[in-house]
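Me: I have a model open and would like to go through the fold with you, starting wherever you like. Could you settle the vocabulary first?

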Amino acid sequence: MTSTNWWPSSTQPSTFLAPHLVAGGAGSARNLAPLLRNELHIDGGKVFLAIDDAVDAAGLISPIADSLKSSGFEVVQRGGFGAEPVDEIVDAAAAEARSQDVTAVIGVGGGSVLDSAKLIALLLRNEGGSADWVGAVEPGTEVAPLLLIPTTCGTGSETTNIAMVTVAGNKRSSVCSGFVPPVAVLDPELIASLPPKVIAATGMDALAHAVESLMSTQASMLSAHASFHAMELLIGNLERAVAGDKEALAYTLWGAHLGGQSLNAGVVLGHSMAYSFAHATPMPHGVSCALALPYCIAFNQNIDSRLAERIALALTAGKSDSLREAAQEVQDLARRIGLPTTYAEARIDPSRSDELAAYCAAQYPRPTNPEGMDAERLQILFSAVETGDLDLAFSATA
């Protein structure tokens, strides 16, 4: 085993986005009024509260809304965002927010709700609907004041400049620096009752963010710093969090947030594979990311050897500097926490493998992936998923 000290180029141009303020700690979501006044400069009036229905049903939204009302704010509350943001639902919520003349948007939920809140904040200050704002919408696009509170430990959406939305059946991204909120709130009380399967899926999504962003050709000094710390927290705590350890779950929440910060560099092939799997069979995003991550590692094995060693050491908790062993560890971790590792376990028809490879190459190219995503090599990679054959996956780019 060798030691390595890889870092991205210190001279390559880069930018790094993150919330101006991150408030953490138990009960922090019940103290939003000072943040609205001091950080967003909103002193009263109507705020739009986009919520996750399951979190509301658990009784966790009422204390947040009540604290806002007792502090002089009027709350316009809206749920119904579902598991994935869909343009029609987001646009309807934005229309309601416009009609109510709200001054700020607060999102409380998983990635679907937080991404929806971002788009609602965008549409409050701009014409059209979500489908009109797909792609990069810089520069100069104004976004209404935004405060985001995650209730899962995976997406990191509360710190990213991306909002995903499904348009005409296909997942699309809207990219805007204004989507990075001035304020994010990390309250472990809001994730304390998460079911183990949700912790597992969202935690693996966060791990995918950390690993993939390191492989991106746009990785920067700060995104890499966030990636390495996120991997340390997630590898050290995710399995215990799934098993019910509340302290480990709180650390996993912070790992997910740092994974979100690493997304300044963008994700690579793994997320393209994940979208393709979900296109074949609807599944939670974190589940598809967990299925894809070992194969993404295999396909991108030719990255700088020092980076490969450092990723491997992080993913194996210092046991190995081999990417092959790291990919195996990720696959084994997914299996141990109850996530699928093959087409059969994910209920995907293996006869669609070549079709999915072509779909991935055509619909979700990643110019920042360190390896070219040509359909021929992707066919080998996708076929490896049928039986979980990591040796075959590594052969695609050997």
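Reply: Helices (H or I, at least four residues) and strands (E, at least two) are DSSP runs, numbered from the N terminus. The model is a predicted one, in which local features need pLDDT of at least 70 and side-chain atom pairs count only at pLDDT 80 or more, while totals for chains, interfaces and linings use all residues. Residues are numbered from 1 along each chain as its sequence is written, and side-chain values use heavy atoms, with hydrogens and water left out.

Me: OK, then where is H229 found?

Reply: H229 sits in helix 7, which covers residues 221–242. With a relative accessible area of 35%, H229 is partly exposed (buried is under 20%, exposed over 50% and partly exposed in between, using a 1.4 Å probe and protein chains only).

Me: And how far apart are H229 and L258 in space?

Reply: The C-alpha atoms of H229 and L258 are 7.2 Å apart, although 29 residues separate the two in sequence. L258 falls within helix 8 (residues 246–262), and helix 8 lies across strand 1, strand 6 and strand 9 (183–186). Helix 8 runs at about 155 degrees to strand 9 (axes are lines fitted to C-alpha atoms, for helices over the stretch in contact, with angles from 0 to 180 degrees between N-to-C directions).

Me: Those strands bring us to the sheet. What is the order of the 6 strands?

Reply: The order is 1-9-6-4-2-3, in an open sheet with parallel pairing (strands pair if DSSP finds at least two bridges between them). The twist averages 20 degrees from one strand to the next. Strand 1 (21–24) and strand 3 (73–78) are at the edges with a single partner strand each, so one side of each has no neighbour in the sheet.

Me: Is strand 4 mostly covered or mostly open?

Reply: Strand 4 (residues 104–109) is mostly covered, as 6 of its 6 residues are buried. That holds on both faces, with A104, I106 and V108 buried on one side and V105, G107 and G109 buried on the other.

Me: How many bridges does strand 4 make with strand 2? And how many join strand 4 to strand 6?

Reply: Strand 2 (residues 45–51) pairs with strand 4 in the parallel sense over 5 bridges, and V47 has A104 as its bridge partner there. Towards strand 6 (residues 146–150), strand 4 also runs parallel and is joined by 5 bridges, with P150 of strand 6 as the partner of G109. Further along, strand 2 is joined to strand 3 by 6 bridges, again running parallel, and A50 stands opposite R78 of strand 3.

Me: Which strands does helix 3 lie across?

Reply: Helix 3 (residues 62–70) lies across strand 2, strand 3 and strand 4, at about 150 degrees to strand 3.

Me: Switching topic, how do the 3 strands of the other open sheet pair?

Reply: The pairing is mixed, in the order 5-8-7, and the edge strands, each paired on one side only, are strand 5 (135–136) and strand 7 (162–167). Strand 7 and strand 8 (residues 170–175) are antiparallel over 6 bridges, with A163 opposite S174 and M164 partnered by S173. Strand 5 and strand 8 instead pair in the parallel sense over 2 bridges, where A136 stands opposite V175.

Me: Which residue takes a positive phi in that hairpin?

Reply: A168 does, near 55 degrees, in the hairpin of strand 7 and strand 8, which has 2 residues between the strands.

Me: What lies across strand 7 and strand 8?

Reply: Helix 5 does, running at about 90 degrees to strand 7. Helix 5 (residues 111–124) also packs against helix 4 (residues 87–100) at an angle of about 50 degrees, with axes 9 Å apart. The two helices are therefore oblique (under 35 degrees is roughly parallel, over 145 roughly antiparallel, 65 to 115 roughly perpendicular and the rest oblique). Helix 4 contributes V90, D91, A93, A94, A97 and R98 to the contact, and helix 5 contributes S116, L119, I120, L123 and L124 (contact means heavy atoms within 4.5 Å).

Me: Last one, is T342 buried or exposed?

Reply: T342 is buried, at 12% relative accessible area, in the loop between helix 12 (323–336) and helix 13 (343–346). Beyond its neighbours within four places in sequence, T342 is in contact with L291, V385, E386, T387 and G388. Of these, E386 is 44 residues from T342 in sequence, yet 5.4 Å away in space, C-alpha to C-alpha.
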